[in-house]
Amino acid sequence: MKNPIKSVIALLIRLYFGYYFLNAGIGKFQTGFNGESVGGFLKGGLAQTAGAIAAAGKTGKANVTDTWGWLISHVFLPNADIMAFMVKTGEVMIGLGLILGCFTTLAAFFALTMNFSFLLSGTVSSNPQMVIGFLVILYFAAASGAIGVDRFFMNKLVDKFPILNKGFLRHLFPVDAGHRTTINKGINQAG
């Protein structure tokens, strides 16, 4: 392990937020979270747009942008059942990925996406703290999964599929810097 301090910090963040996500996802499966539940949440977001505030005769600043409001109305609400399945399944998968340290940065990326979706829909809650935690995991890259399952297969996965070492994907499938240099030498020799 090349960065033990980063790895331990990332482990603590992963376990804390992983438990939170796993517990939330399992709870949604157990309580019958469905399209109606998602619809209620999304309608609450729509009520926070500038148009809705003006239509209600209220004054104040909108918490949800008109662009996000359009997405809620035209994309998310019509597909509320699909969104409900994606949210509860995503929370369980993210939780397991973070706790086990399996596809750690990929799980953090999707968790970050989910947290920003909640923030854009007008819900603050614990989302800002989670955003910071997931940004730390992404910043620590390979060290984030060093105390976890990633340690045993990520280098082999990237060796087998060199495309994972290119562009944005290299951030979602990180390997340690020494291993990345070896991969790049192999790619350059083969090309």
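A: Quick ground rule before we start: a charge sits over a ring if NZ of Lys or CZ of Arg is within 6 Å of the ring centre and within 35 degrees of the ring normal. Keep in mind that this is a predicted model.

Q: What makes Lys28 count as lying over the face of Phe33?
A: Lys28 is at 5.4 Å from the ring centre of Phe33. The cut-off is within 6 Å, so the distance part is met, and Lys28 does lie over the face of that ring.

Q: Why is the pair of Phe103 and Phe173 called edge-to-face?
A: Rings pair if their centres lie within 6.5 Å, and planes over 60 degrees apart count as edge-to-face. Here we have 6.2 Å centre to centre and 90 degrees between the planes, so both conditions hold. It's one of eleven aromatic pairs in the structure.

Q: What makes this a link between distant parts of the chain?
A: Phe103 sits in the loop between H5 and H6, while Phe173 is in the loop between H9 and H10, 70 residues apart.

Q: Why is Phe173 called buried, and why is Phe103 called partly exposed?
A: Buried means under 20% relative accessible area, exposed over 50%, and partly exposed in between. Phe173 comes in at 11%, so buried it is. Phe103 has 29%, so it lands in the in-between class.

Q: How do you know that Phe109 and Phe168 are edge-to-face?
A: Their ring centres are 5.6 Å apart and the planes make 65 degrees. With cut-offs of within 6.5 Å and over 60 degrees, the label follows, so edge-to-face is right.

Q: What parts does the pair of Phe109 and Phe168 tie together?
A: Phe109 belongs to helix H6 and Phe168 to the loop between H8 and H9, so the parts being tied are 59 residues apart in sequence. Phe109 is partly exposed at 26%, and Phe168 is partly exposed at 49%, which is still not over 50%.

Q: How do you know that the buried residues of H4 are on the same side?
A: The buried ones are Trp68, Gly69, Ile72 and Phe76. They cover an arc of only 105 degrees around the axis, so they share a side of H4. Asp66 and Thr67 are exposed on the other side. As for partners, the buried residues pack against helices H2, H5 and H6.

Q: What makes the buried residues of H8 line one face?
A: In H8, Asp150, Met154, Leu157 and Val158 are buried. Down the axis of H8, they fall within an arc of 90 degrees, so they line one face. Turned away from that buried side are the exposed Phe152, Lys156 and Lys160.

Terms used:
Residues are numbered from 1 along each chain as its sequence is written. This is a predicted model: local features need pLDDT of at least 70, side-chain atom pairs count only at pLDDT 80 or more; totals for chains, interfaces and linings use all residues. Side-chain values use heavy atoms; hydrogens and water are left out. Buried means under 20% relative accessible area, exposed over 50%, partly exposed in between (1.4 Å probe, protein chains only). Helices (H or I, at least four residues) and strands (E, at least two) are DSSP runs, numbered from the N terminus. The arc is that of the directions from the helix axis to the C-beta atoms. Contact means heavy atoms within 4.5 Å. Rings of Phe, Tyr and Trp (its six-membered ring) pair if their centres lie within 6.5 Å; planes under 30 degrees apart count as stacked, over 60 as edge-to-face and the rest as tilted.
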